[in-house]
Amino acid sequence: MIKKSLTVMLMLMWFSLPVEAISKYSGTSNFQFLKIPPSARAVGLGEAYTAVSDDLEALIYNPAGLAQLTREQMSTTYLQWLKDIWCGYFNYGKPLPQKGTIAASIFYLTAIDIEKRGEDKSLLGNLSVNNGVATVGFGRELSEKILGGASVKIAFESYDNKGWTAGAIDLGLLLRFYPRFNVGISLLNLSFFGTNLPFGQRLGLAYQVHRKVRFAMDLYGYRDSGLRFGGGLEYKYNRNLSLRLGYKGFEDNLGRVEAKVLESIGMDEVPGLSLGVGILTTQGLKGHAMKFDYGFVPYGRLGMTHHFSLGFEF
């Protein structure tokens, strides 16, 4: 009874907080780097990952997905983002018998020598950026068809020698209606100290079209921007090779996306495709399974982003 009540409560929270209704706060959130997707596999699927979430990347999109881990995992990601902005991501997860899965991650972003400009576009010097977030999460089965999860994060950001710190929680559900059909729901960045985090909502569907093909789609948004759509296909050529194709619709105006950094370089995203590839081998470190993922996303005139992930299962 309690498990069903928690499920209903989270679903009501999601649908009672429509992003469009709070998009009037556009441009008011700090910690915009929390929107940057570090996962190579997820970006290859157009970030349609809320109902997939079957590995450590669940900690980013839907902590309920952590309950799907069957083995201890560790992974690291390197991301070459836009305009000399570099990101790193490290995570670790361990299933606990009969209890669930616990996981932790660290994400950091750094940039140097970014031009700082005034309202009249005059050059004011260079801007240094150092941001990061540490997250601890837990996911478990609430019933045969319902998985639940939550995470706690502490984020900091530093622009031009000025810094801020904030804390937030993420909540998620994964509903397995049929063996091949999942629905994912998550609420992200619910602040418990600090202010102006980019509160987000995600609703996702995932369907195993064929034993080699999975389709996924997400509808998501943040308090300082409207709704967006992402979709993707994952094709398993064989046990060791996966190919991914995704589409992500962007908005023309994302508010203050990396406000003090990207505004100075005229950040404006365009709709576009994303590509990805995954390679799995059982001949990894000391015989443990090793997985390599790559994701590619073009951002128009701003250039291209490259995501590289390396993971191990023990």
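Serine 39 counts as buried in this predicted model, because its relative accessibility is just 1%, and buried here means under 20%. The residue sits in the loop between helix 2 (19–22) and helix 3 (40–44). A polar atom of the serine 39 side chain comes to 3.1 Å from the backbone nitrogen of alanine 42. What does serine 39 touch once its neighbours within four places in sequence are left aside? The contacts are Glu57, Ile60, Tyr61 and His307.

Stepping back to the whole chain, the protein has five helices and 14 strands. Of its 314 residues, 49% are buried. Contacts that span long stretches of sequence are common enough to count: among those between residues at least 6 apart, 55% join residues at least 24 apart. The accessible surface adds up to about 14700 Å², and carbon and sulfur atoms account for 62% of that.

One part of this surface is a nonpolar patch. Leu219, Leu227, Phe229, Leu245, Tyr247, Leu273 and Leu275 make it up, and together they have about 580 Å² of accessible area. Strand 10 (225–238), strand 11 (241–248) and strand 12 (272–281) are the elements that each give two or more residues to the patch. Leucine 245, one of the patch residues, belongs to strand 11. Is leucine 245 buried or partly exposed? With a relative accessibility of 40%, leucine 245 counts as partly exposed, since that class runs between the 20% limit for buried and the 50% limit for exposed.

Charged side chains come next. Side chains of opposite charge can pair when their charged atoms come close. A search through the whole structure turns up 14 salt bridges. In one of them, lysine 291 meets aspartate 55, with 3.5 Å from N to O. This pair links distant parts of the chain, as its two residues are 236 apart: lysine 291 is in strand 13 (residues 289–298), while aspartate 55 is in the loop between helix 3 and helix 4 (58–61). The two partners fall into separate exposure classes: lysine 291 counts as partly exposed because its relative accessibility is 27%, whereas aspartate 55 is buried at 5%.

Another salt bridge joins glutamate 72 and lysine 94, whose closest N and O atoms are 3.8 Å apart. Glutamate 72 lies in the loop between helix 4 and strand 1 (73–80) and lysine 94 in strand 2 (residues 85–96), so this bridge ties together parts of the chain 22 residues apart in sequence. Both ends are partly exposed: glutamate 72 has a relative accessible area of 23%, and lysine 94 has one of 34%.

Aspartate 293 and arginine 244 also pair through their side chains, in a salt bridge with an N to O distance of 2.9 Å. Here strand 13 supplies aspartate 293 and strand 11 supplies arginine 244, so the bridge ties together parts 49 residues apart in sequence. Where the glutamate 72 partners are partly exposed, aspartate 293 is buried, with a relative accessible area of 4%, and so is arginine 244, with 7%. Which residues end up in one network through shared salt-bridge partners? They are Arg41, Asp54, Asp55, Arg214, Glu234, Arg244, Lys291 and Asp293.

Aromatic side chains pair up too, and the structure holds 10 aromatic pairs. The rings of tyrosine 235 and tyrosine 237 have centres 6.5 Å apart and planes at 70 degrees, so this pair is edge-to-face; the cut-off for that label is over 60 degrees. Both tyrosines are partly exposed, with relative accessible areas of 34% for tyrosine 235 and 46% for tyrosine 237. Elsewhere, ring pairs link Phe31, Phe33, Tyr89 and Phe107 into a cluster.

A last stop is isoleucine 185, which lies in strand 7 (residues 181–193). With a relative accessible area of 2%, isoleucine 185 is buried. How far apart in space are isoleucine 185 and glutamine 201? Their C-alpha atoms are 7.7 Å apart, and the two residues are separated by 16 residues in sequence.

Methods:
Residues are numbered from 1 along each chain as its sequence is written. This is a predicted model: local features need pLDDT of at least 70, side-chain atom pairs count only at pLDDT 80 or more; totals for chains, interfaces and linings use all residues. Side-chain values use heavy atoms; hydrogens and water are left out. Helices (H or I, at least four residues) and strands (E, at least two) are DSSP runs, numbered from the N terminus. Buried means under 20% relative accessible area, exposed over 50%, partly exposed in between (1.4 Å probe, protein chains only). A polar contact is a pair of N or O atoms within 3.5 Å; within protein, one must be able to donate a hydrogen and the other to accept it, and residues adjacent in sequence count only if both atoms are side-chain atoms. Contact means heavy atoms within 4.5 Å. Accessible areas come from the Shrake-Rupley method with a 1.4 Å probe; for residues, only the protein chains shown count as cover. Patches are made of residues with over 30% relative accessible area and no salt bridge: like charges are joined within 9 Å, nonpolar side chains (Val, Leu, Ile, Met, Phe, Trp, Tyr) within 5 Å. A salt bridge is a side-chain nitrogen of Lys or Arg within 4 Å of a carboxyl oxygen of Asp or Glu. Rings of Phe, Tyr and Trp (its six-membered ring) pair if their centres lie within 6.5 Å; planes under 30 degrees apart count as stacked, over 60 as edge-to-face and the rest as tilted.
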